Amino acid sequence: MRPDLSRSRPGGLFRSRAVGAFSALLLAALGVGGLASAPAHAATSDLTQYVDPFVGTDDSNAPNPVPGGAGGSTYPGAVVPFGGVQFSPDTPTASPSGYRYSDTSIEDFSLTHFDGAGCPNNEDLPLMPITGSVSTSPGSSWTSYASAYTKSNESASPGSYKNRLDKYGTDVELTATTRTGMARLTYPATSSAGLLINTSRSATGNRSGSVRISGSEVTGSVTAGGFCGSSKTYQIYFDIRFDRAPSGFGTWSGGSVSAGSTGASGTNTGAYVTFDASSARTVQAKIGLSYVSVANAQANVAAENNGWDFDAVRTAAAASWNQILNRVQVTGGAAADLKKFYTALYHVFQSPNISSDVNGDYRGFDNAVHNSTRPVYQNYSGWDIYRSWAALIALVAPAEAADIANSMVLDGQQGGLLPKWSQQTNEDFVMTGDPGPIIVASMYAFGVRNFDTAAALSLMEKASNGGTAQGSAIRGNQGTYTSLHYLPGAPSDSLEYSASDFAVAQFAKALGNTSSYSTHMTRAQWWRNTYGADSGYIQPRNSDGSWVWPIDPASQSNFTEGNAAQYTWMVPYDFADLINEMGGRRTAVQRLDHHFTQVNAGQTLPYYYIGNEPEHGVPWAYDFARDPAGASDAVRKVMSESYTAGAGGLPGNDDLGATSAWYVWAALGMYPATPGADTLAVNGPSFPSVLIQRPGGDITVNSSGSGSYVQGMSVNGTATSHSYLRYPDIAAGGTVNFTMGGTPSATWGTGAGDVPPSFTDGASTVPGPAGAGHGPGAGQAGDGVGVVRDRGVR
């Protein structure tokens, strides 16, 4: 199959413009800290008003998405930045996220959720307010207690969720601190206001739990885990406190209900409490979680929410969000544009999650209890977040990023390797490749330093030499890869190994380890062994070196969640040689134009697929082909066609902030095009002014003129025709000024020396075409791409 190379520029423009703080003492007292304080560089704006937690909670328009990938799979419930509690409703058809906007029934409100993972997950410790007697056992008929609700009664904002259960006439309000959730339940006038506490049910099945009732306190544990089919589990300990003693209580086990019982354990077990709400109709509950012990869960409640002022806790949660959102202040724009931008930024800060307790205790990847004076984070969607998210979190949340890198190193030291796709203390080995090193190297490249870099490099090298995490290799095919220099029948997986090797090489170089740099950079260049010169695509090979024919660029056979047309562009550290292999920049631009015929095409069409991560950086391939106007067009087409301000507003799973991070970068006008390096390829901002507030110095991004095409750029007052900048250019603060216009510039970013750097060490550079090119289309004389040599990660 050969693409139609007729040039038709993707159209569509997206123009975003952007717009008191609460006391830091209140935030700390209520446990929504763990965040580095934002420097007092600019007045704090009310930015939470632009966040809509319902964005991404329903399906998008992707025609053939990955399983579970039709929508953002976000949740609307209460959470604080990086919070370890996500108190949110669960609805009947919501897998894998817990909540679907189009559902009109609620099954419960549980304490743990992932922002946009692609497999059923979490929904641990479900709670359900009811009225009336507990006659049918919730252990055998949980969903019989579900309630319909009316959409007009539902609302959500950062740190808060509210709804009304029609079946019970009960208003439910939720908020959270870092390690606790809080509920304010307003029942109708009744003597049988109840709350069901399920210690067995989760999104991944029913497991053993335990519960004990003692006056106005309920404690116990649940068995969680099972992500993406994993058999691994872990314990969550909880402490629930009510603002008054219940008038009745009981437990259940299987199909049996035991009124007056104070304890139960086993599968399909739980407890209930009832209150006399005949006159005092409001009941408050606060729930602390710990992965260490019940005592620590109790300590978390005492430290973070020691009173009964629901409004104060909710106010503090909102303030914590406003504080962190103000790290990126954008000026100008319509309300819908601000909503898309700040909702995306909100999702970026939801993961990973603080898992250590207020006393510093945490459970490690060796299942032992450790203690740390720094917050310890867990939950890494590695394959997804290394492309867009890692560099963004390093740029806008450098202190938190340092703690995240430190946590990943601790995971490696205690479990064997840097995490790949982990849930709490379990490495679940989801997806392919070895993304942990890319995440850490990317954060380092964007300035993060406060972690054990020597230990990190040692763990990276251990993985690339076939090491194991919790008894299994993350690079399960490393022996074959180092023997053949590619993975037979798995070209996309082979590219993932090469991408990780590139990141290890750059990290090693930055630390002065030239031997490791040379070894891993040589391996990174093995991407060439997956590129079929005759087909012009990344192509499967057999173990004897022969190519698999025929090749259908739209087929996902032998590819991980994608196809040859999509994976051919996954060589972001050596686009120069890839473009020259294709036959030169004109051919590459023709192919890119064809590729962007659609921008959320799914897995089985030969077009761009924003709804999944492997192609996140492809729009900026235009910059490497000396066509920055193409990058501008492609990015804006994706932004306008695939991201909306509605419930279906994310083009695919948010994957713990990855899809939202793409949008934030795109709107800022630049993108970390080369994971593991410090390059920012340019597309031009969607705002006239952006202020990024950082401890080491603020970064300002300004644009003047109208239109979507960059006419000129200056960095710290010096004009440049380069279609990129490097993080060190702005590391200590600085100003990037863009001049924009309505038509593509013939000179800016189009010279051979203007392209972002390609990293060619370890292999012979592919020469530019002297005539006919390889693959679809034909190059023209003098059509090669100039290679801007890397200056090294600094």
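Helices α9 and α12 sit at an angle of about 45°, and since that value falls in neither the parallel, the antiparallel nor the perpendicular range, the two are therefore oblique to each other. This is a predicted model, and the same α12 also packs against α11, at an angle of about 155°. Below are those two helix pairs, then the largest cavity, then a few backbone spots to look at.

**α9 against α12**

- Helix α9 covers residues 453-464, and its axis lies 12 Å from the axis of α12.
- The crossing of this pair, α9 and α12, is left-handed.
- On the α9 side, the residues in touch are L457, E461 and S464, and they meet S516, H520 and R523 of α12.
- Sorted by class, this contact between α9 and α12 comes out as 1 nonpolar, 3 polar and 2 charged residues.

**α11 against α12**

- Helix α11 spans residues 491-510 and helix α12 spans residues 514-524, with their axes 7 Å apart.
- Their angle of about 155° is over 145, so α11 runs roughly antiparallel to α12.
- For α11 and α12, too, the crossing is left-handed.
- From α11, the contact draws on S498, D501, F502, V504, A505, Q506, A508 and K509.
- From α12, the partners are S516, Y517, H520, M521, R523 and A524.
- By class, the α11 and α12 contact holds 7 nonpolar, 4 polar and 3 charged residues.
- If you're clicking through α12, stop at S516, H520 and R523: they're listed in the contact with α11 and also in the one with α9.

**The largest cavity**

- Rolling a water-sized probe over the atoms is how leftover empty space shows up.
- The largest cavity here has a volume of about 180 Å³.
- It is lined by 19 residues, and the ones closest to its centre are R387, M570, P572, A673 and P675.
- The lining of this cavity splits into 14 nonpolar, 3 polar and 2 charged residues.

**Backbone spots to look at**

- As background, most peptide bonds are trans, and most residues other than glycine have a negative phi.
- The S351 to P352 peptide bond is cis, with omega near -5°.
- You'll find P352 in the loop between α4 (335-348) and β20 (353-354).
- W549 and P550 are also joined by a cis peptide bond, this time with omega about -10°.
- P550 belongs to the loop between β30 (537-538) and α13 (564-567).
- S73 isn't a glycine, yet its phi is positive, near 55°.
- Look for S73 in the loop that runs between α1 (24-29) and β1 (88-90).

Conventions:
Residues are numbered from 1 along each chain as its sequence is written. This is a predicted model: local features need pLDDT of at least 70, side-chain atom pairs count only at pLDDT 80 or more; totals for chains, interfaces and linings use all residues. Side-chain values use heavy atoms; hydrogens and water are left out. Axes are lines fitted to C-alpha atoms, for helices over the stretch in contact, and angles run from 0 to 180 degrees between N-to-C directions. Helices (H or I, at least four residues) and strands (E, at least two) are DSSP runs, numbered from the N terminus. Angles under 35 degrees count as roughly parallel, over 145 as roughly antiparallel, 65 to 115 as roughly perpendicular and the rest as oblique. A crossing is left-handed if the near helix is turned anticlockwise from the far one by less than a right angle, and right-handed if clockwise. Contact means heavy atoms within 4.5 Å. Ala, Val, Leu, Ile, Met, Phe, Trp, Tyr, Cys and Pro count as nonpolar, Asp, Glu, Lys and Arg as charged, and the others, Gly among them, as polar. On a 1 Å grid over the protein atoms alone, a cavity is a set of points where a 1.4 Å probe fits but cannot get out, and a pocket is an open set with protein on both sides within 12 Å along at least five of seven lines; lining residues have an atom within 4 Å of a point. Grid points are joined across faces, edges and corners, and a volume is the space filled by probe spheres set on the points.
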